[in-house]
Amino acid sequence: MSHARGLILDRFRWMGGHADVWQVFRAPEALAAVVRGLAEPFREDGVTAVCGVESLGFLLGAASAVELGVGFVAVRKGEGICPGKKATRCSDPD
């Protein structure tokens with residue numbers, strides 16, 4: 001098992017049928033490994049912005065954008081408050 005995978009799996013838990021990843025965020029080395037892993041496939045693709053769907057997407061997307069040195073676009077679910085111009089799309093539920 002890779003070092004990064006071990007860091008993440010040591011902190012990942014299932015709680016009541018839901019993924020609990022918050023301990024990954026508490027461990028700087030594990031969080032850095034996740035962000036590097038998310039950004040790596042796109043490093044040479046000329047990405048200009050990362051989109052992140054709330055709420056974990058805001059955290060991981062923004063961190064990935066910083067890692068790639070690009071901007072970040074927040075994608076809200078439903079009718080959340082989001083200042084400024086908006087583009088709206090509807091999709092089927094998960």
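1. **Contacts around V24.** Contact here means heavy atoms within 4.5 Å. By that criterion V24 touches I8, R11, A30, L31 and V34, leaving aside residues up to four places away in sequence. Bear in mind throughout that this is a predicted model.

2. **The core.** Which residues make up the largest nonpolar core? L7, V24, A27, A30 and V34 do, five residues in all. V24 therefore belongs to this core, and two of its listed contacts, A30 and V34, are fellow members.

3. **Overall layout.** The chain holds four helices and four strands. Read from the N terminus, the order of elements is α-β-β-α-α-β-α-β. Of the contacts with a separation of 6 or more, 31% are between residues 24 or more positions apart.

4. **Burial and surface.** How much of the chain counts as buried? The figure is 19% of the 94 residues. The exposed area of the chain is about 7,300 Å². Carbon and sulfur atoms supply 58% of that area.

5. **A33.** This residue sits in helix 3, which spans residues 28-39. Is A33 buried or exposed? A33 is buried, because its relative accessible area is 8% and the cut-off for burial is under 20%. A33 also pairs up in space with a residue from elsewhere in the sequence: its C-alpha atom is 5.5 Å from that of A4. The two are 29 residues apart along the chain.

6. **L56.** Helix 4 covers residues 56-68, and L56 lies in it. L56 counts as partly exposed, because its relative accessibility is 32% and that class runs between 20% and 50%. Beyond residues up to four places away in sequence, L56 touches V21, W22, F25 and G61. For V21, the C-alpha separation from L56 is 9.4 Å. V21 and L56 are 35 residues apart along the chain.

7. **Nonpolar patch.** L56 appears again at the surface. Together with W22 and L59, L56 makes a nonpolar patch of about 270 Å². Why can L56 qualify at 32% relative accessibility? Patch residues need over 30% relative accessible area, so L56 passes. W22, another patch member, is also one of the contacts of L56.

8. **Salt bridges.** How many salt bridges does a search of the whole structure find? It finds two. Side chains of opposite charge can pair when their charged atoms come close. In one bridge, the side chains of E40 and R43 meet, at 2.8 Å from N to O. In another, E67 pairs with R43, and the closest N and O atoms are 2.8 Å apart. This second pair links distant parts of the chain: E67 is in helix 4, while R43 is in the loop between helix 3 and strand 3 (49-53), 24 residues apart.

9. **The network.** E40, R43 and E67 are linked in a network of salt bridges. R43 takes part in the bridge with E40 and in the bridge with E67. Are these residues buried, partly exposed or exposed? E40 is partly exposed, because its relative accessible area is 46%. R43 is partly exposed too, at 30%. E67 counts as partly exposed at 32%.

Terms used. Residues numbered from 1 in each chain as written. Predicted model: local features only at pLDDT ≥ 70, side-chain atom pairs only at ≥ 80, totals over all residues. Heavy atoms only, no water. Patch = residues over 30% accessible without salt bridge, like charges linked within 9 Å, V, L, I, M, F, W, Y side chains within 5 Å. Areas by Shrake-Rupley, 256 points an atom, 1.4 Å probe, with all protein chains shown as cover. Salt bridge = Lys/Arg side-chain N within 4 Å of Asp/Glu carboxyl O. Helix = DSSP H or I, 4+ residues; strand = E, 2+ residues; numbered from the N terminus. Buried < 20%, exposed > 50% of the residue type's maximum accessible area, 1.4 Å probe, protein only. Core = buried A, V, L, I, M, F, W, Y, C linked by side-chain atoms within 4.5 Å.
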